[in-house]
Amino acid sequence: MSQIIPAGAPVETEVVIVGAGPCGLFQVFELGLLGISAHLVDSLAHPGGQCTELYPDKPIYDIPALPVCGAQELVDRLLQQIKPFHPQFHLGQEVTELQRREDGRFLLKTATGTTFNTATVVIAGGVGSFQPRRIGLDGADLFEGTDIRYRVRDAHLLHGKRLVVFGGGDSALDWALELAPKASSLTLVHRQPHFRGAPASVSKMRQMVEAGHMRYVEGIAHGLVVDNGALRGVNVKRAAGDLVALDADHLLVFFGLHPKLGPIAEWGLELEKKALKVDTEKFQTSVPGIFAVGDINTYPGKKKLILSGFHEAALAAFAIQHHLFPQKKQFLQYTTTSPVMHKRLGVPD
Ligand SMILES: Cc1cc2nc3c(=O)[nH]c(=O)nc-3n(C[C@H](O)[C@H](O)[C@H](O)COP(=O)(O)OP(=O)(O)OC[C@H]3O[C@@H](n4cnc5c(N)ncnc54)[C@H](O)[C@@H]3O)c2cc1C
């Protein structure tokens, strides 16, 4: 049953998992088998981590018992597998703060204002949270989040405006196609004739350019045009070296995402080469009650493989159970034969 939380009040829970990549998802499963529920937070708008963000269509060949499995398929299977445990997702929210409370619990905050009061934390942050690649022009920081956007949350705010869209991938093409009929003008700018996006979108874009419904300029962003503190447009440099001045109310920039360790590095946890040091019994960090699994952790012999993260999640789950209920006797049960686990999994006996 989902918890009813008064507005602004912290979410009270036993476990918060930071990162909904494959290892964070499997952590939900291993905790669920032990009767422990979890909240999952990810800065991306969807679960799946690197698998979904970087290589959704690529086949993976080293997941035990799955001779070949698409990366997105793996994520979909994990989501299916954790369904019986009803994890609560908080997506599109970067965890920015983690503090130890006097009572030994932890206070965790996200960039969008969600707060958790949790007994334990599992950091499954992979190579960090994915951040948009920025336009990198002088003075751009003054307009980022308003007139220069790296994601579109409220598309109707862009209707009737002069738009310049940068990028050659699916996001740039999809938004250009979607917004061109609604904007007062729209120009797509890409640095080279080859596009990374779906061929069908590229040919649709070319048709719209030919029909005069949008403009296409091949070049790179060179400088902002600012007048009286307001963004008026952008200069684009073509390969030949000449500048094209484009009037604009908004620049939509889709140069892809890159991972950044970000706030995790500032939580006072022992680090080695940008990874969290853990022991190999509990996968606990230098702070008791805070665990780390998957690509984010390091220990002698660590290999950044999904398979390793799955093993780490299993052992971390037992350690978390012991942390939460130190008096409870722990014993290993098999999912094949345990009636308790069948009940938790929703398997009829
Ligand atoms: C092209 C490519 C191919 C690969 N092929 C294989 C393969 O064949 N086999 C294999 O085993 N491995 C493969 N890998 C590696 C594998 O993808 C990683 O080992 C795996 O994704 C690690 O999972 P994870 O859950 O630890 O982290 P990730 O998948 O990186 O997920 C971490 C998540 O944490 C989130 N996050 C981080 N910090 C925060 C924060 N502060 N707040 C909120 N959210 C946060 C991120 O947004 C991200 O979604 C491949 C990797 C790449 C790039």
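**Exercise 1. Polar atoms around the ligand**

Which side chain has an N or O atom 2.9 Å from a nitrogen atom of the ligand? Work from the predicted model, and then describe the shell around the ligand.

*Solution.*

Step 1. The residue is D62: an N or O atom in the D62 side chain lies 2.9 Å from a ligand nitrogen atom. With the ligand taken on its own, the accessible area is 1000 Å², and the protein covers 87% of that area.

Step 2. Turn to the oxygen atoms of the ligand. The side chain of Y55 places an N or O atom 2.5 Å from a ligand oxygen atom. For P22 the atom concerned is a backbone N or O, at 3.4 Å from an oxygen atom of the ligand.

Step 3. Count the shell. The ligand is surrounded by 32 residues, and D42, Q50, Y55, V95 and D295 are the closest. By class, 15 are nonpolar, twelve polar and five charged.

Step 4. Assign the shell to elements. At least two shell residues come from each of α1 (22-33), β2 (39-42), α2 (49-54) and β9 (129-132).

**Exercise 2. Two residues in loops**

Determine whether G48 and Q93 are buried or exposed, and list what each one touches.

*Solution.*

Step 1. Locate G48. This residue sits in the loop that links β2 and α2.

Step 2. Apply the cut-off. Buried means under 20% relative accessible area. G48 is buried because its relative accessibility is 0%.

Step 3. List the neighbours of G48. Beyond four places in sequence, G48 contacts A20, G21, P22 and V75. A separation along the chain can also be set against one in space: G48 and L79 are 31 residues apart in sequence, and 9.0 Å lies between their C-alpha atoms.

Step 4. Locate Q93. The loop between β5 (88-91) and β6 (95-100) holds this residue. Q93 has a relative accessibility of 11%, so Q93 also counts as buried.

Step 5. List the neighbours of Q93. With residues up to four places away left out, Q93 touches V41, D42, S43, T110, T112 and T114. With T110 there is a polar contact between the two side chains, at 2.7 Å.

**Exercise 3. The β15-β16 hairpin**

How are β15 and β16 joined, and which residues of β16 lie on the covered face?

*Solution.*

Step 1. Establish the pairing. Strand β15 (residues 230-237) runs antiparallel to β16, and five bridges join the two. In this pairing K237 stands opposite L243.

Step 2. Examine the turn. Five residues separate the two strands of the hairpin, and G241 in the turn has a positive phi of about 100°.

Step 3. Sort the residues of β16. In a regular strand, side chains alternate between the two faces of the sheet. In β16 (residues 243-247), V244 and L246 belong to the covered face, and L243, A245 and D247 to the uncovered one.

Step 4. Take one residue of β15 as an example. R232 is located in that strand. Its relative accessibility is 39%, and R232 therefore counts as partly exposed. Leaving out residues up to four places away, R232 touches R162, V225, V226, D227, L246, D247 and A248. The C-alpha atoms of R232 and D147 are 9.7 Å apart, with the two positions 85 residues apart along the chain taken as their separation.

**Exercise 4. An open sheet**

What is the strand order of the open sheet of five strands, and which strands form its edges?

*Solution.*

Step 1. Write the order: β10-β17-β11-β12-β13, with parallel pairing.

Step 2. Find the edges. β10 (148-149) and β13 (215-218) each pair on one side only, so they are the edge strands by definition.

Step 3. Check one pair. β10 and β17 (residues 250-253) run parallel and are joined by two bridges. R149 has L252 as its bridge partner in β17.

**Exercise 5. The chain as a whole**

Summarise the protein chain by its secondary structure, burial, contacts and surface.

*Solution.*

Step 1. The chain has seven helices and 22 strands. Of its 349 residues, 48% are buried.

Step 2. Consider contacts between residues at least 6 apart in sequence: 58% of them join residues at least 24 apart.

Step 3. The C-alpha atoms fill a box of roughly 75 × 45 × 40 Å along the principal axes. The accessible surface is about 17900 Å², with 53% belonging to carbon and sulfur atoms.

Terms used: Residues are numbered from 1 along each chain as its sequence is written. This is a predicted model: local features need pLDDT of at least 70, side-chain atom pairs count only at pLDDT 80 or more; totals for chains, interfaces and linings use all residues. Side-chain values use heavy atoms; hydrogens and water are left out. Helices (H or I, at least four residues) and strands (E, at least two) are DSSP runs, numbered from the N terminus. Buried means under 20% relative accessible area, exposed over 50%, partly exposed in between (1.4 Å probe, protein chains only). A polar contact is a pair of N or O atoms within 3.5 Å; within protein, one must be able to donate a hydrogen and the other to accept it, and residues adjacent in sequence count only if both atoms are side-chain atoms. Contact means heavy atoms within 4.5 Å. A residue is near a molecule or strand if one of its heavy atoms lies within 4 Å of it. Accessible areas come from the Shrake-Rupley method with a 1.4 Å probe; for residues, only the protein chains shown count as cover. Ala, Val, Leu, Ile, Met, Phe, Trp, Tyr, Cys and Pro count as nonpolar, Asp, Glu, Lys and Arg as charged, and the others, Gly among them, as polar.
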